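I am opening a fresh notebook page for this one. Here is the structure I went through, with my entries below it.

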There are 2 protein chains.
Amino acid sequence: MQLKLIALLVSAAAAQAIGDTRHKLLPPRLRANGQAGLDAQLSSRQLEASKAESGCSDGTITTTAPKSNIFAGLTDDEFADTTAFLHQQKFLNLTAVSNATAWDNIIVTIDLLQPNKSDAINYLDNGAPAPPRYAHATVQFGATLEPYVQEYQVGPLPITNQSAVTELNYIYNSGKGKQRIYNADAASIATFQYQVGTQVANITSRLINGTAIGSATDTLLIGGNDPVIHELNRTVQWNQFYAINTGFAVDETLLPTGLEFKTDITGRDPSKWSVIGWYYGGQFWPTTRAFMTAANSPDFKSLGLAVDGSFGSTDSQGAQLPHDDLYPPTALQPQGTRYAIDMEQQYVEWMGFSFYIGFTRDTGMQLHNVEYQGQRVIYELGLQEALAHYASIDPLQSATAYLDSYYGFGPSSFELVQGFDCPAYATYVNASFYTQEASHTHANAICLFEYDPGYPISRHIASDYTTVSKHADLILRSVATVGNYDYMFEYAFHIDGSIHVTVRASGYIQGAYYAENEEYGFHIHDVLSGNMHDHVLNYKLDLDVLGTKNSLMRSNVVPATVQYNWSPGVPRNTMKVERDFITNENDAQINWDYNGATTYTVVNKDQKNQYGEYRGYTVTPASGSIVHLTVQNSTDLGSSANWATNHLYAVQQHDSEPRSAYPYNNQDTNKPAVDFGKFINGESLDQEDIVLYFNLGMHHLPQTADLPVTVFTTAQSSMLIIPQNYIDYNPSKATIHNVRVNFNNGVVTDIDTFGTVVPQCQLDFGSVAANLSGYTGEIITPKYPYDPSAAQVANPGAA
Amino acid sequence: MQLKLIALLVSAAAAQAIGDTRHKLLPPRLRANGQAGLDAQLSSRQLEASKAESGCSDGTITTTAPKSNIFAGLTDDEFADTTAFLHQQKFLNLTAVSNATAWDNIIVTIDLLQPNKSDAINYLDNGAPAPPRYAHATVQFGATLEPYVQEYQVGPLPITNQSAVTELNYIYNSGKGKQRIYNADAASIATFQYQVGTQVANITSRLINGTAIGSATDTLLIGGNDPVIHELNRTVQWNQFYAINTGFAVDETLLPTGLEFKTDITGRDPSKWSVIGWYYGGQFWPTTRAFMTAANSPDFKSLGLAVDGSFGSTDSQGAQLPHDDLYPPTALQPQGTRYAIDMEQQYVEWMGFSFYIGFTRDTGMQLHNVEYQGQRVIYELGLQEALAHYASIDPLQSATAYLDSYYGFGPSSFELVQGFDCPAYATYVNASFYTQEASHTHANAICLFEYDPGYPISRHIASDYTTVSKHADLILRSVATVGNYDYMFEYAFHIDGSIHVTVRASGYIQGAYYAENEEYGFHIHDVLSGNMHDHVLNYKLDLDVLGTKNSLMRSNVVPATVQYNWSPGVPRNTMKVERDFITNENDAQINWDYNGATTYTVVNKDQKNQYGEYRGYTVTPASGSIVHLTVQNSTDLGSSANWATNHLYAVQQHDSEPRSAYPYNNQDTNKPAVDFGKFINGESLDQEDIVLYFNLGMHHLPQTADLPVTVFTTAQSSMLIIPQNYIDYNPSKATIHNVRVNFNNGVVTDIDTFGTVVPQCQLDFGSVAANLSGYTGEIITPKYPYDPSAAQVANPGAA
């Protein structure tokens, strides 16, 4: 008992030395509680805890990653060398992007080719050298009547005469890393759209109060649907006039005018493109002539104008809230970080967890090699694709089904606003990617911080004591703004060994014109329909539970009627838990039970715990809705998003199936280069390397509360990854941020704070506000021609 | 523009005056942004905001409730007067509790009889006088062979010669506020159990290493199942020996020995009670003789001993976590509360919300008359009942289905641990109730505080600006510890007008002995099974949307194949939203859709918004699992918990149906005084006063991570109540805790902070630790005989 008492005296003295007498010194221990066995076990660690600092500080603990981050992106030099090496390849016939036309071949993007898991595991676990590095280059072939992209593997890096550029085909289950594309002539298409806008300028002036003729004084813009439509052997697109914002807020997706036209943009010769239909207010005209004739008749009336206004402004407005002039409660970090970070390797350690941060052009922030208590539990965790599928009476909205990795979650992950997007005390990490023959760095695009969620992790009160244990989460966060929508991606690590994967949505909805749209959404502003759409976001979760050989256990809580031997003659209506294994991919296309009756756990059948139960990790819906796509056999999507038809999938890991999606899947949705449906081909899940794909998302039925922007409060969806029988107790027992108050007859007899020292110091509250004048946006370094000393700071912001 | 600039200059100057030059002064506005229309609208409120204090303070804003809290409990004097008045009633033939035996009539409890809604609305809305106050007394009639409780109405209060004691029957749909009870002879039953324990002491010593003979040196205790069993016209109970804790932690529910016996306790004559069965390790013996014969045979082996140890201790233990000696991030409240409270009336105002807090013996903390933007949206919101239904191979666990309002959420709501259960800066509110002819006050049993959940409420970035708006929640919280389990109840108000109802569970599981229990749970410690059970918690939500005449709208997102006029010859696979009304109670026994496709909104058909949509409030699952009871036609429950068979119900409001449950429903589960099933009787929901009942909960399949106690992280369930088309915009726009950063070419050109002033001051971090030496427990004031000056402080803690 001696050690324990000393520890507490030291703590109290240290606190007293700098204490403020007005405030809250912890009372000295009043008596030792009589449980020698447990106390002896606890005492040594409490002594250690007493060494804790009692002052405030704001340091960041650094560490050195045990292995280099083989998942991180390419270095500036690697980008430049790869670019130059590609340009050397005669067969590619590349033109520098800065000089290129639509009829040239260009490098669209370069990223790290993620190592095969088999190679990475050898490096991480078996002491093998790091796998050779390769770049993954996407080259657009524009000098042809049928433009396409082809994926290439470039390396090994650094470039030597051993290096080569070879087609990258094995990770695309169409058989080839090639995709016919329809966006090569985007500039010509825009020109064509403005020609149409000019042709009907008189009508648009009268009907929808503006013109879109390609002039700086335009008050309308024209937007086309995505994905482009392939029907009846033609390439077609629906286009709509939108009012341009008049305030600062770029809120055009709230300003559809309802006037739409259909273009046939088959082939590459703009002179052969045509307008093949018009739509307004539920009516369809097959030709421009027919539309103009109708529209010029005197009884053809506008159904209402799209007018920008404060309803789309994100500035503070409206009657001031009572006492909102006072500053709200805010979290401070009194003693610096309690996590350790290797900034160069983007490697983090916290409370028994460690992980590497990855970042790719296609999918943004990712997690790699998540270890817990010294053992890998997750090889890879990250977003694969985000679908936003609309439905509407009007053709543009009906034909809209964004697959956002086309735009890229990397380029869409902008600088975070410190003190608002994350606490000012967070650690901010830069994110880099490559497009347009330049590497781009978004400063402070990822934040990492510890947070108290506002409730304890556990507690109990009994007749003579109460004990409460603090919560602590480590949160890794980024926000990707893909056009109108802001997705907040978050991985939260809990001190109980669980991991919480969350996505939240804010930003502007893409509304529809209100007319005739009652079956597709609420009427939410003058001429605006809060158009229905499904968000489905697919994540890859490659759990490795005590090795890569795993199985998928299902636990199902079911009603049962049982005649027990102890209840003769009285059959009892009760329940049971049925446990079995899903042993084949075909049986692992899973929807969550409406009553939460079924639990799925990845276990290692060869690794039972001491009580004979399988050690494993469970995945379970945690917050918001978990949805699969409502639309069945979507006309818009074809087979480009077959991961969206169920909630959860388990498949066998293959190096040839690294990702469920592909950025160019939106170019011809019936002929995707990666069809997730083909992942499911009857393979065994019995002690194999299992990869889960799960969906987050929501059916979004926007209403007036989505104006001006959707709020994260109600638009979120998350999944928990929870250890199940994995450790023999709850690991959160280990935290010293716990208290036991013993009492008797209304008097406190003992307080055990387990060595916690509350810093007795003054904190500058002003530090909760970061200096935002340093908001720098992205840093662009051109790679061709490459000048390593040149770093150009340019305008950040959504594309 | 003039006003706006002045406002910002004032703010900056105020900040500068006390500023710390090291830190974070907001940069001055660099330029005014050019949007005259919006700016003019915003400017006056920003000037107002500039009056904000720039220093720190810790005040609590007080207010005066517009009406007195007619839902709050009785006063001390009312308790005393009611007690005395009851004792005057000869027909009750009462004995003071302190002198009473099981064969006397006693007052069990007194509480406020909640006013009828019809009367309350008249008072709240129509200026009628406050409804007369009545006490609700529960009297136990022990002086009879068939003891029972009868509910009484006592009043009006204060007691005058107009006052009377009358049977309270109209709120019990059995027709009578009367329930035959089986707990009157609890002391005799305990004596009988120890007689059995004495009879088998030699066997328990050998088999399970202890004895339970009713002595102070007992190392075992005996617990019986709840609810008591009525089968074959007998009253029976299963009882189990548990090891008594040897450490400080009262963790007996982790220490079942697996040895159980069945008692026939029919009638009130203990001499006629008998033991009618024994159970151990899957075997059943119909008599004590048979069991003793078997147990005394040499080959009858113990299946393992229940031994207490550190696995049940809630003290910090195990290897210290890295950097856990540092103090974690913690929220501080720099300028005092931003809510206003009338402590006497337990009335709160915050950001457009106002509400009254209620507290009852049966159900604990409740909300009444929640108004938003000056209009009632909720008449009543609160817990009704919590069910914990077990299933097991062993008879005691199989026959366990707690209905916890029997124990009472009021008496179970103990003092919170400041700085751990809620922030130290929270406002703590006392809770009072009456049992055993004394009023009890649990100091600080409710906390109220504002909290930043760690992510913004909304954000957007565009090409030249980014804007992010802070979140703020007002949280009202209490914790009820009913025996082994700690339920954390929480109501969180969001600045977007939504309300979040959460329950979390911690504390000890009630485990089963492991032997033969594989079909009912994981084996989680030496001889412990993490016995499966369903938690189902029923809440009443009486929404009043723009008056009491409301309807229940259903919005269903469904796949559809449509031939549009604009897509000739190409039928499209898409989706629609189908909206209709559920117009009858019989159709409103609802389960949530597995894919979240269906939304339920309480609307007022007579109150469309300006766009023709119904203004309403939606209820939707928010986090964790939402469950109904797995067991169908439970043998344990009979018809005592018919609210547990679905997720959500809508019924017509009746003053005669104030609550879905009744504390004594567990006494004879086939004959409950309140059967929720009878609420559903075909009444209209078309523009009627609709009351929703929804369930929270979880299927709990405890595993090793539930040791020592279940963690709130993974054991939570919540519901969101969200305005839908209720206001024409999102109310969170109004907060000034918003920022817009304009930038151009990597340089910040403007920062608008909307008048927010960040306090530039030093905060004493030590204040995050409350002084826990003041933990006082409950204050008991005896009411019979009554001495208003006597307040006795006694031992708090679980019963």
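**Cis peptides, odd phi values, the chain contact and the core**

I began with the loops of chain A, keeping in mind that this is a predicted model. My first stop was A:Pro158, which sits in the loop between β4 (148–157) and β5 (164–167) of chain A. I checked the bond leading into this proline and found the peptide from A:Leu157 to A:Pro158 to be cis, with omega near -5 degrees.

Next I looked up A:Pro227, in the loop between β7 (220–224) and β8 (229–231) of chain A. Here, too, I noted a cis peptide bond, joining A:Asp226 and A:Pro227, and its omega is about 5 degrees. I jotted down a reminder for myself: most peptide bonds are trans, and most residues other than glycine have a negative phi.

That reminder took me to phi. A:Gln373 is not a glycine, yet its phi is positive, about 50 degrees. I found A:Gln373 in the loop between β17 (364–372) and β18 (375–390) of chain A. Is A:Gln373 buried or exposed? I put it down as partly exposed, because 15 other C-beta atoms lie within 10 Å.

A:Phe754 was my other phi entry: the value is near 55 degrees, positive in a residue other than glycine. A:Phe754 belongs to the loop between β40 (747–752) and β41 (762–764) of chain A. I counted A:Phe754 as buried, because it has 24 C-beta neighbours inside 10 Å and the cut-off for buried is 20 or more.

Then I turned to where the chains meet. How many residues does each chain bring to the contact? I wrote down 204 residues from chain A and 206 residues from chain B. On the side of chain A that touches chain B, I sorted the residues into 96 nonpolar, 78 polar and 30 charged.

I also followed a strand pairing across the two chains. Strand β13 (residues 330–332) of chain A and strand β13 (residues 330–332) of chain B run antiparallel, joined by three bridges. Tracing one of these pairs, I found that A:Leu332 has B:Thr330 in β13(B) as its bridge partner.

My last entry is on the nonpolar core. I noted 470 residues in the largest one. Which residues have the most contacts inside it? My list reads A:Leu387, A:Leu448, A:Leu692, B:Leu387 and B:Leu692. I picked A:Leu448 for a closer look and, leaving out residues up to four places away in sequence, found that it touches A:Tyr339, A:Ile341, A:Val348, A:Ala426, A:Thr427, A:Val429 and A:Leu476.

Conventions: Residues are numbered from 1 along each chain as its sequence is written. Chains are lettered from A and ligands numbered from 1 in the order in which they are written. This is a predicted model: local features need pLDDT of at least 70, side-chain atom pairs count only at pLDDT 80 or more; totals for chains, interfaces and linings use all residues. Two residues are in contact if their C-beta atoms, placed from the backbone, lie within 7 Å. Ala, Val, Leu, Ile, Met, Phe, Trp, Tyr, Cys and Pro count as nonpolar, Asp, Glu, Lys and Arg as charged, and the others, Gly among them, as polar. Two strands pair if DSSP finds at least two bridges between them. Helices (H or I, at least four residues) and strands (E, at least two) are DSSP runs, numbered from the N terminus. A residue is buried if 20 or more other C-beta atoms lie within 10 Å of its own, exposed if 12 or fewer, and partly exposed in between; C-beta atoms are placed from the backbone. A nonpolar core is a set of buried Ala, Val, Leu, Ile, Met, Phe, Trp, Tyr and Cys residues joined through C-beta atoms within 7 Å.
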